[in-house]
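Here are a few short exercises on helices and how they pack, each with a worked solution. Have a look at the model, then try each task before reading on.

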Amino acid sequence: MEYARLLRQRPVMVLWLARSLSALGDRLYAMAVMWSVWAGTGSASLTGLVALLESLPYVVLGVLGRRVVARFSSYGALCAVDALRAGVAVALPFAWSPDARGTAVVLGGVCALGVLGALFDPNFEALVPGLGHAGQVQSLTGLFDLTSRVARITGHACAGALLLVISKSELFTCVGAAFAVSAAALGGMARRLPPPTRAASAARVPAVRVTALVRERPDIGLAIGVHGAVPLCVAATTIGLPALLAHGHDTRAGAYGLITAVSGIGTLIGNPVAGGLRPRAWLAVCCAAWAVDGLATASMAVAGSDPALGALCLLSGLAVPVGTVTMRARLGMYPPAERLRLMAVEHTATRAGTVVAILLLPPLVDASPAGAFLTAGTVVALLTGAVGLSGPGGRRGGAPAPVGPAESR
């Protein structure tokens with residue numbers, strides 16, 4: 001398997017472990033903070049605000065802080081970011097108190113961690129393609145995408161299990177330890193390899209406006225824009241699935257856990273498939289995958305049984321990694337400075353879509369769970385279908401320059 005061969009390379013293994021721990025730390029602290037705010041205040045609005053504050057810094061920095069983000073395009077800088085995340089995570093429980101001041105401090109900490117995450121994620125993803133040659137970019141992208149998907153699946157379960165046996169402060173200490181180990185791994189990479197000079201030069205490249213980016217590379221602009229709508233389907237299944245089961249299926253909580261597990265299994269199967277693809281019509285592949293996700297989500301509204309709902313969740317889970325990995329692999333084919341900008345824009349679009357979904361989906365779910373699924377899935381399916389049928393399919397905007405290991409040394 002290609003992933004196993006890649007992991008035999010020490011730089012890939014070190015970075016993969018660092019990313020795994022960093023992503024797990026992200027999910028653990030998100031779960032821990034939301035649990036703490038809910039347990040202390042009983043406010044669903046404040047709990048939802050935690051998720052909102054986690055995503056907003058990605059949007060703000062993506063739009064206004066392009067040069068700031070570009071200054072962290074080295075292993076040493078990312079080591080410092082994860083070290084800061086470790087410190088903030090460990091300090092959060094000591095700043096918490098069940099009053100307005102304590103809640104404000106914790107929400108400020110969440111925002112700070114969101115800012116650090118917005119600095120870390122696009123820069124890390126921009127460094128990954130430099131670990132291999134052009135033919136390995138899709139597999140490298142898939143391998144590191146897998147870490148995020150595993151962290152999402154296991155993070156909440158790990159946090160819930162740990163809270164059964166340890167205190168809240170000890171859980172945040174575990175979060176800090178995950179970030180600290182990741183920082184140590186990145187620091188080792190920084191000592192072993194000189195700074196990636198070409199990537200670091202991104203800070204000196206004139207800022208690229210999104211409108212200019214879309215004109216110069218219409219296929220890339222379309223893919224990023226369409227991917228920004230995919231969080232509608234994610235929010236529908238995350239927020240609306242319990243309500244859909246309660247209203248339309250009259251099932252117990254065990255069915256919810258089983259169906260969400262099936263969706264996670266789908267992503268774990270779909271990711272290696274995506275890592276092995278080398279599509280020429282890459283935009284068509286992305287749009288087809290996301291359209292399948294949209295159709296599956298819309299079909300959940302009329303699923304007549306739990307097995308049918310589970311099958312649709314499995315199909316959705318299979319499709320999403322194919323589109324995401326293929327698109328990010330294409331971004332990874334560009335030279336480092338352009339790649340970092342593209343990665344930052346992609347994160348901005350995705351997080352903006354997440355914010356919109358968080359704001360729009362709950363009222364729709366309250367009004368009609370089935371209607372929320374139908375609306376979210378139909379919007380994504382129609383948008384991706386239209387772009388896939390009429391888009392440039394990667395034939396315009398120029399071919400990206402090859403990448404190789406030299407850029408990370």
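**Exercise 1: a residue in helix 6**

Thr103 has its place in helix 6. The model is a predicted one, in which local features need pLDDT of at least 70, side-chain atom pairs count only at pLDDT 80 or more, and totals for chains, interfaces and linings use all residues. Residues are numbered from 1 along each chain as its sequence is written, and side-chain values use heavy atoms, with hydrogens and water left out.

Task: work out whether Thr103 counts as buried or exposed.

Solution. Start with the cut-offs: buried is under 20% relative accessible area, exposed is over 50%, and partly exposed lies in between (1.4 Å probe, protein chains only). Thr103 has 7% relative accessibility, so this residue counts as buried. Next, look at the whole element: helix 6 is mostly covered, with 20 of its 28 residues buried. Finally, check a contact along the chain: Val37 is 66 residues apart from Thr103, yet their C-alpha atoms are separated by 7.2 Å.

**Exercise 2: two helix pairs**

Task: find how helix 5 is oriented to helix 6, and helix 14 to helix 15.

Solution. Two packed helices are described by the angle between their axes and the distance between the axes. The axes are lines fitted to C-alpha atoms over the stretch in contact, and angles run from 0 to 180 degrees between N-to-C directions.

Step one: helix 5 (residues 75–95) and helix 6 (residues 100–127) pack at about 160 degrees, with axes 10 Å apart. That makes helix 5 roughly antiparallel (an angle over 145 degrees) to helix 6.

Step two: the axes of helix 14 (residues 282–300) and helix 15 (residues 306–331) come within 8 Å and cross at roughly 155 degrees. Helix 14 and helix 15 are therefore roughly antiparallel too. The residues of their contact divide into 16 nonpolar, five polar and two charged.

**Exercise 3: the faces of helix 17**

Task: where around the axis of helix 17 do its buried residues fall?

Solution. First, the span: helix 17 (residues 369–390) has 22 residues and reaches 32 Å from its first C-alpha to its last, close to the 32 Å expected at 1.5 Å a residue. Second, the buried residues include Ala372, Phe373, Ala376, Gly377 and Val380. Third, seen down the axis, the buried residues of helix 17 fall within an arc of 140 degrees, so they line one face of the helix. The face turned away from that buried side carries the exposed residues Leu382, Leu389 and Ser390.

Terms used. Helix = DSSP H or I, 4+ residues; strand = E, 2+ residues; numbered from the N terminus. Parallel < 35°, antiparallel > 145°, perpendicular 65-115°, else oblique. Nonpolar A, V, L, I, M, F, W, Y, C, P; charged D, E, K, R; others polar. Expected span 1.5 Å × (residues − 1). Arc of directions from axis to C-beta.
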